[in-house]
Amino acid sequence: MSSDTQAENALRIAGDFEATDFYPAPFPADVPAIPLEKISLSKLLNGDKPEAQRVFNICTSTGFFYLDMLDHATGRQTWRSACNVRRLGSDRFANTSMPDKLQYKPLGGVSVFDRGYIVRNAVQEGDPVEREFFNVPQSEFYGTKVEDGGLPNWLSQDEDAFKELLTCGNQIARTLLSVLEKQLQLPVGSFTKLHRLNDDSGDFVRVFRYAGARADPKDDLVGLPAHKDAMSVAILFTWLGGLQIPDPSAKIHGLDVEDKDWRWVRPEPGYAIVNLGDAMEIFTNKILKSGIHRVVKAPGEQRSHDRLSVIIATRPKNSSLMKAFEGPLIPVQEQNGRIMSSLEWGHSLIAGIRMREAEAAKRVTKM
Ligand SMILES: O=C(O)CCC(=O)C(=O)O
Ligand SMILES: [Fe+2]
């Protein structure tokens, strides 16, 4: 990293939120990182056409980009809010007993990811936690109240922080969706009206903790196996390396990516990492791309540190029909079979993810 970049990063870290402890060790210079493009939120909100075109080009190819959170008031509020949620999340993970954590249940048992606490231990019962996360659903704050018992004690005191982040995230996701619908020459509101904060949907805020590596690297599991997101837009905040995406030249079959083709995504202070999920592929008959990604242990000196990440997931409202829009740039889709609602689609996809995870866990993939 050049000293100019270092100085700029230091300023960005110090700039709006005191978060220097989120960066306990530098991201190494000698690992193959992918130079994702940086998009300006401020330009998008001001209707800048070249910036809109850049977003469209990215979303029709790799689907991943950095979004500058510090160049506009909405972004700054979101960044501050994500840092706040990261701090309180790490505190709650550390200071809540496992029985209390486990009482915060996913809806419908294990198959739905928009609510609850989920943990994976290293190898067997009693081993230290390898990976844990909790999701706070949109239904806590907006739309029809779901009778799910509400947030558990260890999270309810932070309700306002989650609500703020979810609200900011929705605004940013809708900004991106309005850019994309315009670039696709669809009627205004085609995508945005399916993603209103007050409609019932599976939106959520997720806080992840991946344990730092143990002394023996043989004990390290893949943090999160290769997958695509079951949502419309994912906005990720992360402070340590670990996220990887395939090189654009990689040959990909389904979710299979050869080891040599994975590239690191370097976390950049003050930027979110944004990607589209499968819903946008469905709405556009694959013109917009849902990016494959996975999470492994952080690289280099970061490896021994716990990695926290905060994700805002925006999904189509529950009643949306999961089929391609008609538009001049969207190939016509042959419709065979019943069209699922977003609610049904989410459940079916997430059940698939769980099944793949269970298979991967059985193979005990070593990194
Ligand atoms: O923690 C990360 O960096 C990514 C997590 C992720 O991909 C997900 O929750 O779907
Ligand atoms: Fe993901």
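Tutor: Two strands pair if DSSP finds at least two bridges between them, and with that in hand we can look at the sheets of this model, which is predicted.

Student: OK, so what's the strand order in the open sheet of four strands?

Tutor: The order is E6-E11-E8-E9, and the pairing is antiparallel. Strand E6 (224–227) and strand E9 (262–264) are the edge strands, each pairing on one side only, and from one strand to the next the twist averages 25°.

Student: How many bridges hold E6 and E11 together?

Tutor: E6 and E11 pair over two bridges, in the antiparallel sense, and within this pair Leu 224 stands opposite Val 295 in E11.

Student: Switching to ligand 1, which residues are around it?

Tutor: Leu 224 and Val 295 are both among them, and the rest of the shell is Arg 206, Phe 208, Asp 229, Leu 236, Thr 238, Leu 243, His 293, Ser 309 and Ile 311. By character the shell divides into six nonpolar, three polar and two charged residues.

Student: Which strands supply at least two of those residues each?

Tutor: Strand E5 (204–210), strand E7 (233–238), strand E11 (293–295) and strand E12 (307–314) each do so.

Student: Let's stay with E7 then; how many of its residues are buried?

Tutor: Six of its six residues are buried, so E7 counts as mostly covered. Val 233, Ile 235 and Phe 237 point one way, while Ala 234, Leu 236 and Thr 238 point the other way. In a regular strand, side chains alternate between the two faces of the sheet.

Student: And what does E7 pair with, over how many bridges?

Tutor: Four bridges join E7 to strand E10 (residues 271–276), and six join E7 to E12, with both pairings antiparallel. Val 233 has Leu 276 as its bridge partner in E10, whereas the partner of Ala 234 in E12 is Ala 313.

Student: New topic: where is Arg 174, and is it buried or exposed?

Tutor: Arg 174 lies in helix H7 (residues 159–183), and it is buried because 20 other C-beta atoms lie within 10 Å, the cut-off for buried being 20 or more.

Student: What is Arg 174 in contact with, leaving aside neighbours within four places in sequence?

Tutor: Under that restriction, Arg 174 is in contact with Thr 192 and His 195. Arg 174 and Thr 314 are 140 residues apart in sequence, yet 9.0 Å apart in space, C-alpha to C-alpha.

Student: Last one, how far does helix H4 reach?

Tutor: Helix H4 (residues 73–95) has 23 residues and reaches 33 Å from its first C-alpha to its last, close to the 33 Å expected at 1.5 Å a residue. Its buried residues include Trp 79, Arg 86 and Phe 93.

Conventions. Residues are numbered from 1 along each chain as its sequence is written. Chains are lettered from A and ligands numbered from 1 in the order in which they are written. This is a predicted model: local features need pLDDT of at least 70, side-chain atom pairs count only at pLDDT 80 or more; totals for chains, interfaces and linings use all residues. A residue is buried if 20 or more other C-beta atoms lie within 10 Å of its own, exposed if 12 or fewer, and partly exposed in between; C-beta atoms are placed from the backbone. Two residues are in contact if their C-beta atoms, placed from the backbone, lie within 7 Å. A residue is near a molecule or strand if its C-beta atom, placed from the backbone, lies within 6 Å of it. Ala, Val, Leu, Ile, Met, Phe, Trp, Tyr, Cys and Pro count as nonpolar, Asp, Glu, Lys and Arg as charged, and the others, Gly among them, as polar. Axes are lines fitted to C-alpha atoms, for helices over the stretch in contact, and angles run from 0 to 180 degrees between N-to-C directions. The expected span of a helix is 1.5 Å times one less than its number of residues.
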